[in-house]
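Let's take a look at this one together, starting with the overall fold and then moving on to the ligand and a pair of helices.

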Amino acid sequence: MEKDIKGYAYGQVGQSPVSIADLELLKKTVLFTEEDEKNLRLAGEVLKDQTNEILDLWYDFVGGNEHLVHYFSKNGQPNMDYLTAVRARFGQWIMDLCNKPYDQTWLNYQHEIALRHHSSKKNKTDDVDTVPIIHYRYMVAFIFPITATIKGFLTKKGHDAETVEAMYSAWFKAVTLTVILWTYPYINKNEF
Ligand code: HEM
């Protein structure tokens with residue numbers, strides 16, 4: 001259950017500095033349409049019982065790269081409780097990305113996640129003492145692995161190649177949109 005996920009605060013956070021009007025223009029810019037929304041809902045159906053396998057794959061990627069596991073660590077020691085706590089919210093995020101309407105509540109939570117990656121709020125939710133910020137360059141770099149690795153999971157439920165491709169594009173656009181919103185705290189005032 002969503003509400004049982006430690007630190008998950010959807011609907012309970014401050015206002016995003018990005019307006020709905022700006023979000024609409026961003027959606028237009030990444031060519032995100034109502035068709036993509038439908039395909040994301042379908043992706044949600046396809047992915048919902050595969051989130052553990054997806055997270056295993058992503059965590060293997062992070063765990064296998066010292067420069068990435070660094071962001072869950074202090075003095076080179078990964079904090080296992082932190083990795084586990086974030087994993088539960090990450091699983092919920094997969095479902096939210098596919099199923100939630102991209103409204104003011106969604107926008108507000110994107111800003112909260114942005115702050116949680118940035119020095120503004122990293123470590124606070126789980127009350128841990130690890131490195132203080134995830135560097136901007138890796139936020140953007142993650143768009144590719146988080147996108148490319150989803151394709152195999154989208155093929156698992158017998159959809160034809162065209163439908164898989166449509167779900168995949170919708171996912172790629174949604175992740176791009178999300179990461180743009182998550183970089184807000186890293187950008188100089190009036191330059192976002
Ligand atoms: C938190 C996804 C980039 C490390 C989270 C959460 C999600 C997520 C869903 C939990 C949000 C919540 O609290 O509800 C993603 C996605 C990324 C990305 C989709 C880019 C496409 C990165 C990168 C790193 C990273 C590059 C570095 C290894 C972390 C850490 C937290 C976190 C350490 C916990 C932050 C805290 O202290 O609250 N991420 N992330 N993330 N992510 Fe990411």
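Residues 22–191 are 65% helix and 2% strand, and the C-alpha atoms at the two ends of this span lie 14 Å apart. Helices (H or I, at least four residues) and strands (E, at least two) are DSSP runs, numbered from the N terminus. The UniProt record, an unreviewed entry, annotates residues 22–191 as "domain: Globin-sensor"; such annotations may be inferred rather than shown by experiment.

A word on the basics: this is a predicted model, where local features need pLDDT of at least 70, side-chain atom pairs count only at pLDDT 80 or more, and totals for chains, interfaces and linings use all residues. Residues are numbered from 1 along each chain as its sequence is written.

Now for the ligand. It is surrounded by 25 residues (C-beta atom, placed from the backbone, within 6 Å), and the closest are Arg 89, Trp 93, Arg 116, Tyr 138 and Phe 142. Several helices give two or more residues to this shell, including helix 7 (136–141) and helix 8 (143–148). Helix 5 gives the most, with 4 residues.

Next, the helix pair:

| Pair | Axes come within | Crossing angle |
|---|---|---|
| helix 6 and helix 10 | 8 Å | roughly 60° |

Axes here are lines fitted to C-alpha atoms over the stretch in contact, with angles from 0 to 180 degrees between N-to-C directions. Helix 6 and helix 10 are therefore oblique to each other (not under 35 degrees, not over 145 and not 65 to 115).
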